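Open your viewer and get your selection tool ready. We will go from stop to stop, picking a few side chains each time.

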Amino acid sequence: MSSFSDPGSEPDTTAGGPVNTAGAGSGPPSPPAPGSAPDHRYLLDNARVEAGERFTWLAELFDGATRGHVDRLGVRAGWRCWEVGAGGPSIPEALAQAVGPTGHVLATDINPTWLDPHRGYEVRRHDVVADPPPQPGTFDLVHARLVLVHVPDRDRALATMVAALRPGGWLLVEDADTELQPLACLDEVGPAQRRANRLRRAVRELLTRRGADLRFGRTLPRVLRAAGLVDVAAAGCFPVGGVACDRLEAATVRMVRAELLAAGLADDAEIDAHLAAVDAGELDLTLAPLISAWGRRPGQPSQVG
């Protein structure tokens, strides 16, 4: 069995939800108006056609980092793995290849539209906050990428994932921290770059209004220790520039265009000009850092290579 980090065929999509949420400017995004009910609907809905394009470019940007962490945690033939909030199929497929026919991979999502149960893994509709853990106490690895940052009840979701681990099993959580790096363009040299940063701030505002915690990534090591895990460690991934960043940005802006207009955070002319600059390759776009943290449920030893 080849290591998990050997990609084999190129992935079509990625596990996890969106990351492109950072914004420019000083100070945090403003909270909802007093007396207004919070809107916790997922902004970047898997049902939208742009979701498939986003998953493709998220895979290009982050699958290598995810594969490296999982490989280091020792995934091998016979392991039982749960991919939480899978989004697209690339990580479930890679896990299925790594664990082989003697293992098992469960991929869950509240909307499993982009998952294919004929590719060697089980697909199940599951809400990590509202539903109990599937097969508690049995998984060697539980992984969630770009999921908890968007879940208002993060403590409950994390408890569900920890409860699914067997003694000695590993939890790997990867989430963005958009306040660590809030810019779309690091080199703000002209009007197009300033416009890109204004729109990134606007997307960040929308996500905050939907309950996202844009500082969550940095808290992951502490959060995993508080959940009772041991051998906790973390690392960061920070893509800068390239086609994948450009295509992810275009898909994200198209996806949330109606919400930006409805909220008065941007107008059609500004959005059109930004998308034209992205398509022309005029911007060196970047993302917020992805923080990956892992920890082990106490119990029988589990070796990390």
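Select arginine 204 to begin: in this predicted model, its relative accessible area is 4%, so arginine 204 is buried. Now add glutamate 179, whose side chain meets that of arginine 204 in a salt bridge with an N to O distance of 3.2 Å. Glutamate 179 counts as partly exposed because its relative accessibility is 25%. The two partners sit 25 residues apart, with glutamate 179 in the loop between β5 and α4 and arginine 204 in helix α4. Bring in Arg215 as well: salt bridges with shared partners join Glu179, Arg204 and Arg215 into one network.

**Along helix α4**

Colour α4 (191–209) next. This helix has 19 residues and reaches 27 Å from its first C-alpha to its last, close to the 27 Å expected at 1.5 Å a residue. After α4 comes glycine 211, which has a positive phi, near 95°.

**Two more charged pairs**

Which side chain meets arginine 198 in a salt bridge? Select glutamate 270, and you will find the pair at 3.1 Å, N to O. Glutamate 270 belongs to helix α7 and arginine 198 to helix α4, so this pair ties together parts that are 72 residues apart in sequence. Here glutamate 270 is the buried partner, with a relative accessible area of 16%, while arginine 198 is partly exposed at 39%.

Move on to aspartate 279 and arginine 247, whose side chains form a salt bridge at 3.0 Å, N to O. Aspartate 279 lies in helix α7 and arginine 247 in helix α6, so the pair ties together parts that are 32 residues apart in sequence. Aspartate 279 is exposed, with a relative accessible area of 52%. If you would like to look for others, the total count is 15 salt bridges.

**Into the nonpolar cores**

In soluble globular proteins, nonpolar side chains tend to be buried together. To see this kind of grouping here, select Leu61, Phe62, Leu260, Ile271, Leu283 and Leu285, the residues with the most contacts inside the largest nonpolar core, which has 36 residues. Then show α1 (50–72), α4, α6 (243–262) and α7 (268–279), the elements that give two or more residues to this core. Which of them gives the most? The answer is α6, with 8 residues.

Zoom in on leucine 283 and display its neighbours. Leaving aside residues up to four places away in sequence, leucine 283 touches Cys185, Ala192, Gln193, Ala196, Asp246, His274, Ala277 and Val278. For a separate second core, select Leu171, Val223, Leu224 and Ile291, which are among its 27 residues.

**Out to the surface**

Turn on the surface and pick Leu186, Phe238 and Val240. Together they form a nonpolar patch with about 260 Å² of accessible area. Leucine 186 is in the loop between β5 (165–176) and α4, and its relative accessibility of 42% makes it partly exposed.

**Two backbone stops**

Most residues other than glycine have a negative phi, and most peptide bonds are trans. Glutamine 135 has a positive phi, near 50°. Look for glutamine 135 in the loop between β3 (122–125) and β4 (139–145), where it is partly exposed at 31% relative accessibility.

Finish at aspartate 231, where phi is also positive, near 55°. Aspartate 231 is in strand β6 (residues 230–237), and at 45% relative accessibility aspartate 231 counts as partly exposed.

Technical notes: Residues numbered from 1 in each chain as written. Predicted model: local features only at pLDDT ≥ 70, side-chain atom pairs only at ≥ 80, totals over all residues. Heavy atoms only, no water. Core = buried A, V, L, I, M, F, W, Y, C linked by side-chain atoms within 4.5 Å. Buried < 20%, exposed > 50% of the residue type's maximum accessible area, 1.4 Å probe, protein only. Helix = DSSP H or I, 4+ residues; strand = E, 2+ residues; numbered from the N terminus. Contact = heavy atoms within 4.5 Å. Patch = residues over 30% accessible without salt bridge, like charges linked within 9 Å, V, L, I, M, F, W, Y side chains within 5 Å. Areas by Shrake-Rupley, 256 points an atom, 1.4 Å probe, with all protein chains shown as cover. Salt bridge = Lys/Arg side-chain N within 4 Å of Asp/Glu carboxyl O. Expected span 1.5 Å × (residues − 1).
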